[in-house]
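Q: I should like to learn how a ligand site and the enclosed spaces of a protein are read from a model. Please take me through the case below.

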Amino acid sequence: MADPPSVKPETLAAQALHEVDPSSGAIVPPIQPSTTYARDEDYRPVSPGHQYSRDENPTYETAEALLARLEGGVACLLFASGQAGASAVLQALEPGDHVVAPQVMYWGLRKKIVAFCRRWGLELDLFHPGEPGALERVLRPGQTKLVWIETPCNPTWEVIDIAAAAQAAHGAGARLVVDSTVATPVLTRPLALGADLAFHSATKYLNGHGDVVAGALVSAKDDDFWQRIKDHRVFGGAVLGPFEAWLLLRGLRTLYLRVHRASDSALRIARHFEAHPKLAAVLYPGLESHPEHAIAKAQMSGGFGGMLSFRFAGGAGAALQAAKACRVFTRATSLGGVESLVEHRATVEGPDSPVPEDLLRLSVGIEHVDDLIADLERALGSVGSPGDL
Ligand SMILES: Cc1ncc(COP(=O)(O)O)c(C=O)c1O
């Protein structure tokens, strides 16, 4: 077959790298469920690189190759969940290493980082992502080995300057990992901005259909640290099932359409409700009023993502009342799917959550934006008058 022309990421994704199954000519790859792979009479693997499915599985390979291309990295590894991918990064560190992470980030992962560092003898500093210079102040040159950031930061959507964070991390001798779950490679490419690893909960936008739990890491370099991460997947065993990998590749084909649609709708919703009298604030990096809007504009292209939060002037009661009144948004955790979700994070995270109780997080899907705005209008209209429901 002729060499493929150089094409844009949208085309790579839609065509899943234009691969054709050599055994059948199929343009959709088969699912390979086999756990083990044969060897020939001379004990060489019949298919080089394949011996056991905890090491490698042909069904991962196209999804990994596609994600590596979209993120501009040299290699990608899929994991059984986002948390499993993040754990592999933490397990690649040595006791005594110093780790830096934001105070505002996905709650489950912050919890994991705090617990892991305490139990495994790593030192940890958390910094506030909205405070200029806060990251630089906690770095310990020579001892800091990992700077983990998430941008935009869940669920208040502060934006961290990736290029500045990379420069600061590298100046201290540390690696920078960017949780780019919310931005996706459609809107931000962390490796091109200097990050060492791009991380995703592939459960969210990458798959996009609420039916797969998966994680992905893409590395800028194939170095020792990456080999340790790879070893952790093989020997730690947090591998994705082949069917889930296949579904993920199917989801990736529409990634650009879904993320652009969700971003356009989220911006419309944010603008529509920004001055609403029942809201104390609309948190969205695409609004000019957002404190880091200039950074978001510089490092995100094509939109500001499908995630935003409302803070209710009437406090927790008003937020919960609005969630109760939603008819199009579904009350559920998670984000990044085709269907819009509304979530009261403080309830989900529990009593030690730092998330304000007056906050509702919205994950905007791909439905008609007029229906989403009408639903939120109805929900806000119900606030203060629960008897009207
Ligand atoms: C930003 C972010 N990072 C990481 C994770 C963890 O990923 P998973 O649920 O796939 O383990 C999540 C899950 O909600 C998330 O939202």
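Q: How far does a polar side-chain atom of lysine 204 lie from an oxygen atom of the ligand?

A: A polar contact is a pair of N or O atoms within 3.5 Å; within protein, one must be able to donate a hydrogen and the other to accept it, and residues adjacent in sequence count only if both atoms are side-chain atoms. Here the distance for lysine 204 is 2.9 Å. Threonine 203 places a side-chain N or O atom 2.6 Å from a ligand oxygen, and glycine 82 has a polar backbone atom 2.9 Å from an oxygen of the ligand.

Q: How much of the ligand does the protein bury?

A: Accessible areas are computed by the Shrake-Rupley method with a 1.4 Å probe. The ligand taken alone exposes 390 Å², and the protein buries 92% of that.

Q: On what basis should these values be read?

A: The model is predicted, with local features requiring pLDDT of at least 70 and side-chain atom pairs pLDDT 80 or more, whereas totals for chains, interfaces and linings use all residues. Residues are numbered from 1 along each chain as its sequence is written, and side-chain values use heavy atoms, without hydrogens or water.

Q: Which residues around the ligand come nearest, and what classes make up the shell?

A: A residue is near the ligand if one of its heavy atoms lies within 4 Å of it. There are 14 residues around the ligand, and Gln83, Asp179, Ser201, Thr203 and Lys204 come nearest. By class, the shell has four nonpolar, seven polar and three charged residues; Ala, Val, Leu, Ile, Met, Phe, Trp, Tyr, Cys and Pro count as nonpolar, Asp, Glu, Lys and Arg as charged, and the others, Gly among them, as polar.

Q: How many cavities of 30 Å³ or more does the structure hold?

A: A cavity is a set of points, on a 1 Å grid over the protein atoms alone, where a 1.4 Å probe fits but cannot get out; lining residues have an atom within 4 Å of a point. The structure holds two of 30 Å³ or more. The largest contains about 50 Å³ of space, and its lining includes Arg175, Asp196, Lys221 and Asp223. That lining has three nonpolar, one polar and four charged residues.

Q: What lines the second largest cavity?

A: Its volume is about 40 Å³. Among the lining residues are Phe310, Phe312, Val342 and Leu376. The lining has eleven nonpolar, no polar and no charged residues.

How values were computed
1 Å grid on protein atoms, 1.4 Å probe; cavity = no way out; pocket = protein on both sides within 12 Å on 5 of 7 lines; lining within 4 Å. Points joined across faces, edges and corners; volume = space filled by probe spheres on them.
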